[in-house]
Amino acid sequence: MSPKSNKSGIKSFRPVLSETARDALTELAAGLGFIVIAPSLYTGKPSVPDMLESLAAAYRTDPAAVLDALRALLPAPPDE
């Protein structure tokens with residue numbers, strides 16, 4: 001990771017995603033039941049941020065289990 005892409009000092013991080021990735025993450029959030037319940041314009045819609053917060057919490061609780069599960073599901077990143 002280059003220093004320019006190190007986002008640790010940023011409170012709100014919003015990565016740039018392709019439309020395909022955005023739509024797939026939205027479908028995944030919906031399929032897993034991460035739906036906005038707070039009264040707002042987004043009530044009833046899938047919540048990708050809540051899903052990612054849950055993933056981060058699971059990782060903090062048991063990093064090895066999360067890494068094992070994701071390694072089993074995700075393709076290896078391309079070599080640079």
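Colleague: Why is Arg 22 called partly exposed?
Modeller: This is a predicted model, and the value is computed from it. Arg 22 has 42% relative accessibility. Partly exposed lies between under 20%, called buried, and over 50%, called exposed. Therefore Arg 22, at 42%, counts as partly exposed.

Colleague: Where is the place of Arg 22?
Modeller: Arg 22 sits in helix α1. That helix covers residues 19–31. The C-alpha atom of Arg 22 is 8.8 Å from that of Val 48, although 26 residues separate the two along the chain.

Colleague: What makes the contact of Asp 23 with Arg 22 a salt bridge?
Modeller: The distance and the atom types. The closest N and O atoms are 2.9 Å apart. A salt bridge needs a side-chain nitrogen of Lys or Arg within 4 Å of a carboxyl oxygen of Asp or Glu. The pair of Asp 23 and Arg 22, at 2.9 Å, therefore counts as a salt bridge. In general, side chains of opposite charge can pair when their charged atoms come close.

Colleague: How many salt bridges does a search of the whole structure find?
Modeller: The search finds one.

Colleague: Is Asp 23 buried, exposed or partly exposed, and how do you know?
Modeller: Asp 23 has a relative accessible area of 35%. Buried requires under 20% and exposed requires over 50%. So Asp 23 is partly exposed.

Colleague: Why does Met 51 count as buried?
Modeller: Met 51 has 7% relative accessibility. The cut-off for buried is under 20%. So Met 51, at 7%, is buried. Met 51 belongs to helix α2. Its C-alpha lies 9.0 Å from that of Leu 25, with their positions 26 residues apart in sequence. Across the protein, buried residues make up 8% of the 80 residues.

Colleague: What elements does the protein have?
Modeller: Three helices and zero strands. From the N terminus on, they run α-α-α.

Colleague: Why does Leu 55 count as partly exposed?
Modeller: Leu 55 has 38% relative accessibility. That value must fall between under 20% for buried and over 50% for exposed. Leu 55, at 38%, is therefore partly exposed. Leu 55 lies in helix α2.

Colleague: What makes the nonpolar surface patch?
Modeller: Leu 52, Leu 55, Leu 70, Leu 73 and Leu 74 make the patch, with an area of about 470 Å². Helices α2 and α3 (63–73) each give two or more residues to the nonpolar patch. Patch residues need over 30% relative accessible area. Leu 55, at 38%, therefore passes that cut-off.

Colleague: Which residues line the second largest pocket?
Modeller: Leu 25, Leu 28, Leu 32, Phe 34, Met 51, Leu 52, Ser 54, Leu 55 and Ala 58. The elements giving two or more of these residues are α1 and α2. Helix α2 gives the most, with five residues. The volume of the second largest pocket is about 190 Å³.

Colleague: How do the residues of that lining of the second largest pocket divide?
Modeller: Eight are nonpolar, one is polar and no residue is charged. Leu, Met, Phe and Ala count as nonpolar, whereas Ser falls among the others and therefore counts as polar.

Colleague: What volume does the largest pocket have?
Modeller: About 870 Å³. The lining holds 17 residues. Those nearest the centre of the largest pocket are Phe 13, Pro 15, Val 48, Pro 49 and Leu 52. Helices α1 (19–31) and α2 (48–61) are the elements that give two or more residues to this lining. The largest share, five residues, comes from α2.

Colleague: How do the residues of the lining of the largest pocket divide?
Modeller: They split into 10 nonpolar, four polar and three charged. Phe, Pro, Val and Leu count as nonpolar. So the residues nearest the centre, Phe 13, Pro 15, Val 48, Pro 49 and Leu 52, are nonpolar.

Terms used
Residues numbered from 1 in each chain as written. Predicted model: local features only at pLDDT ≥ 70, side-chain atom pairs only at ≥ 80, totals over all residues. Heavy atoms only, no water. 1 Å grid on protein atoms, 1.4 Å probe; cavity = no way out; pocket = protein on both sides within 12 Å on 5 of 7 lines; lining within 4 Å. Points joined across faces, edges and corners; volume = space filled by probe spheres on them. Helix = DSSP H or I, 4+ residues; strand = E, 2+ residues; numbered from the N terminus. Buried < 20%, exposed > 50% of the residue type's maximum accessible area, 1.4 Å probe, protein only. Patch = residues over 30% accessible without salt bridge, like charges linked within 9 Å, V, L, I, M, F, W, Y side chains within 5 Å. Areas by Shrake-Rupley, 256 points an atom, 1.4 Å probe, with all protein chains shown as cover.
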